[in-house]
Structure formats: C-alpha cells, structure tokens
Amino acid sequence: SNEVEYLPNVPKNNIRKVKLITEENLITNYTEDKFIEESLSIEPPFFLTISANNDIGISIEQDTLKQYVKYLNPGTEIHLEGFVSRAELLFTNTNKIKVRLNGIELNQIKNHPHPLRLIVRSSPASFNVKLYKPIN
C-alpha cells in the first residue's frame, strides 16, 4: 500500500503538512540548476520507497493513476504502488530523504534543499532528475 508508515519510536499522530510546490510556483520562483539522467538495469514493475527524516511534500503521478500527494515527517516511510511505465515525483526538497527504487538507493537526489523532480521510465529503463534553485 502507499500509506505512510511510522517507524518504531515515532508517535502515531497526524502527519504535518508542508506547503507543496505547485507547477506555477516552480516556473515563477525557481530555475533548473542541474539535470541528471541515468540508465537502470532493472525491469518493471518498479517500486519506490521513500523514507524521511524531515517534513516534505511530494506530488506524484504514476502510470494511469490520478495525481496524488503524500506528506512525510521525520521517521516516516511510504511505499508507492508498483508502476510499469512511468512515474513522476515533485519533491518540496530532499533534505534527509532516502529514495529507493526496487531496493536501489538513488543517491543522486539526496539532500537537495530546493524542489526536485524525479521521473522514472521503463522504456528504456532510466530515471532523470531536475534539481531547481530559487531565482532570487
């Protein structure tokens, strides 16, 4: 499931919600700082696990699912539904965030203080990352 899981010793209270990054906000206030693309030697279905030691929000699109949002706080983790062709995630930031794709940690996206977009594709199996920085 893609419910938020609480790791041991984390109180099971309501998830704190940060302000999400909208596409409009991204275009108006940020500029692309860096682009990374890497091929993957894994086959679909793809499973993304995101664990957080920070408050973050993520807008998520996967295959044919309608776009949805997840919030994480320190000590929480989510397992996204498996997808076969494509997923796109827009993070508010990735400070103290660990993202694993089929168990492989995507170190390239660690600890970026600003918005970050991650796109995973199956054909060819690859991912790309856009790291943004504030315009001002």
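**Entry 1: Q62**

I looked up Q62 in this predicted model and found the residue in strand β4, which covers residues 56-62. I then asked whether Q62 is buried or exposed. Its relative accessibility is 1%, so Q62 counts as buried, the cut-off for buried being under 20%.

Next I listed the contacts of Q62, leaving aside neighbours within four places in sequence. The partners are Y68, L80, E81, G82, F83, R86 and A87. With Y68, I noted a polar contact of 2.4 Å between the two side chains.

**Entry 2: F83 and its aromatic partner**

F83, one of the contacts of Q62, led me to the aromatic pairs, and I found that the structure holds one. The pair consists of F46 and F83, with ring centres 5.5 Å apart. The planes stand at 50°, so I recorded the pair as tilted. I also noted where the two residues lie: F46 is in the loop between β2 (30-39) and β3, and F83 is in the loop between β6 and β7 (86-91). The pair thus links distant parts of the chain, 37 residues apart.

I checked the accessibility of each ring's residue. F46 has 0% relative accessibility and counts as buried; F83 is buried too, with a relative accessible area of 1%.

**Entry 3: The sheet**

Which strands form the open sheet, and in what order? I read five strands in the order β1-β6-β3-β8-β9, with antiparallel pairing. The edge strands, β1 (4-6) and β9 (104-105), each pair on one side only.

I then examined β3 (residues 48-52) and β6 (residues 76-79), which run antiparallel and are joined by four bridges. For S51, I found that the bridge partner in β6 is E77.

Conventions. Residues are numbered from 1 along each chain as its sequence is written. This is a predicted model: local features need pLDDT of at least 70, side-chain atom pairs count only at pLDDT 80 or more; totals for chains, interfaces and linings use all residues. Side-chain values use heavy atoms; hydrogens and water are left out. Buried means under 20% relative accessible area, exposed over 50%, partly exposed in between (1.4 Å probe, protein chains only). A polar contact is a pair of N or O atoms within 3.5 Å; within protein, one must be able to donate a hydrogen and the other to accept it, and residues adjacent in sequence count only if both atoms are side-chain atoms. Contact means heavy atoms within 4.5 Å. Two strands pair if DSSP finds at least two bridges between them. Rings of Phe, Tyr and Trp (its six-membered ring) pair if their centres lie within 6.5 Å; planes under 30 degrees apart count as stacked, over 60 as edge-to-face and the rest as tilted.
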